Amino acid sequence: MEVKKTAVLLYPQFSEYELSVALSILMQGNKPIVTVGLNNKSCIKGESGLSCLADIQLCEVNLEEFDSLLLPGCLDIMTLVDAQELIDFIRKMSSTGAIIASISSSPYLLAKAGVLKGKNYTVGLSLEGMKQLGVFDLNYYSEDLIVQDGPIITARGRGFIQFGVAFGKALQLNFDENWYQA
């Protein structure tokens, strides 16, 4: 049986550092990853200026090859407000039972896709910003650094170390947690 992969979403202004520990843990655990772009084969520039070329585009994803999804935050999440293909993709991944890890502002995308319905979560947005976006159920919101509710892991950006560790554990990977201690 072929090992399932992790899809790593890349979009303009994605936060590179928020992915660093999670990607390192995936590498340690020999978990194959595939970077996924937004149906635009051009170079994707992260918020720090790192240029990346996605392995595949959303329209090329075969859901059967994946068991997990990793979403970085985004410097300006509002640039993705009309990315319906992305929202549909997240919804489809969730419907397969995939483990979904979302950090910083990206839980907005999960909320918009309906994936956070009835789930406890956190997000790296202000309460006022969350209310303005109109997709968050504040009854399930937590100010914790990281929240896991079933297969959904959400975190604030500064919790990127704990976020990566939680993702690795949810995937039952073998990795050395001590690599990431201060």
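Author: Two strands pair if DSSP finds at least two bridges between them. The model discussed here is predicted.

Reader: What is the order of the strands in the open sheet?

Author: The sheet has seven strands. Their pairing is mixed. From one edge to the other, the order is 5-2-1-6-7-9-8.

Reader: Which strands stand at the edges?

Author: An edge strand here has a single partner strand, so one side of it is left without a neighbour in the sheet. Two strands fit that description: strand 5 (56–57) and strand 8.

Reader: Do strand 1 and strand 2 run parallel or antiparallel?

Author: Strand 1 covers residues 5–9, and strand 2 covers residues 33–37. A7 stands opposite V34 in strand 2. Four bridges join the two strands, and their sense is parallel.

Reader: In which sense do strand 7 and strand 9 pair?

Author: Strand 7 spans residues 99–103. Its I103 stands opposite A155 in strand 9. The two strands share four bridges, and the sense is parallel.

Reader: Does strand 8 run parallel or antiparallel to strand 9?

Author: Strand 8 takes in residues 146–149. Here I146 stands opposite A155. Four bridges join strand 8 to strand 9, and the direction is antiparallel.

Reader: Which residue takes a positive phi in the hairpin of strand 8 and strand 9?

Author: Two residues lie between these strands. A phi near 60 degrees belongs to G150.

Reader: In strand 9, which residues point the other way from I152 and T154?

Author: In a regular strand the side chains alternate between the two faces of the sheet. Strand 9 covers residues 152–155, all of them buried. Opposite to I152 and T154 point I153 and A155.

Reader: What angle does helix 5 make with strand 7?

Author: Helix 1 (residues 16–28) lies across strand 1, strand 2, strand 6 and strand 7, at about 155 degrees to strand 6. Helix 5 (residues 160–170) also packs on the sheet, touching strand 1, strand 6, strand 7, strand 8 and strand 9. With strand 7, the direction of helix 5 makes an angle of about 175 degrees.

Reader: Which residues have the most contacts inside the largest nonpolar core?

Author: This core has 60 residues. I90 is in contact with residues including L69, L71, I100 and V115. The residues with the most contacts inside the core are L9, I90 and L109.

Reader: How many disulfides does a search of the whole structure find?

Author: A disulfide needs two cysteine sulfur atoms within 2.5 Å. For C43, the nearest cysteine sulfur is that of C52, 7.0 Å away. For C74, the nearest is again that of C52, 13 Å away. The search finds zero.

Reader: Is T122 buried or exposed?

Author: T122 lies in the loop between helix 3 (107–113) and helix 4 (127–133). It touches residues including P107, Y141, L145 and A155. Its side chain also makes a polar contact of 3.3 Å with that of R156. At 0% relative accessibility, T122 counts as buried.

Reader: Is W179 buried or exposed?

Author: W179 is found in the segment after helix 5. It touches S24, M27 and Q28, leaving aside residues up to four places away in sequence. Exposed means over 50% relative accessible area. W179 has 52%, so it counts as exposed.

Terms used. Residues numbered from 1 in each chain as written. Predicted model: local features only at pLDDT ≥ 70, side-chain atom pairs only at ≥ 80, totals over all residues. Heavy atoms only, no water. Core = buried A, V, L, I, M, F, W, Y, C linked by side-chain atoms within 4.5 Å. Buried < 20%, exposed > 50% of the residue type's maximum accessible area, 1.4 Å probe, protein only. Contact = heavy atoms within 4.5 Å. Axes fitted to C-alpha atoms, helices over the stretch in contact; angles between N-to-C directions. Polar contact = N/O pair within 3.5 Å; in protein donor to acceptor, adjacent residues only side chain to side chain.
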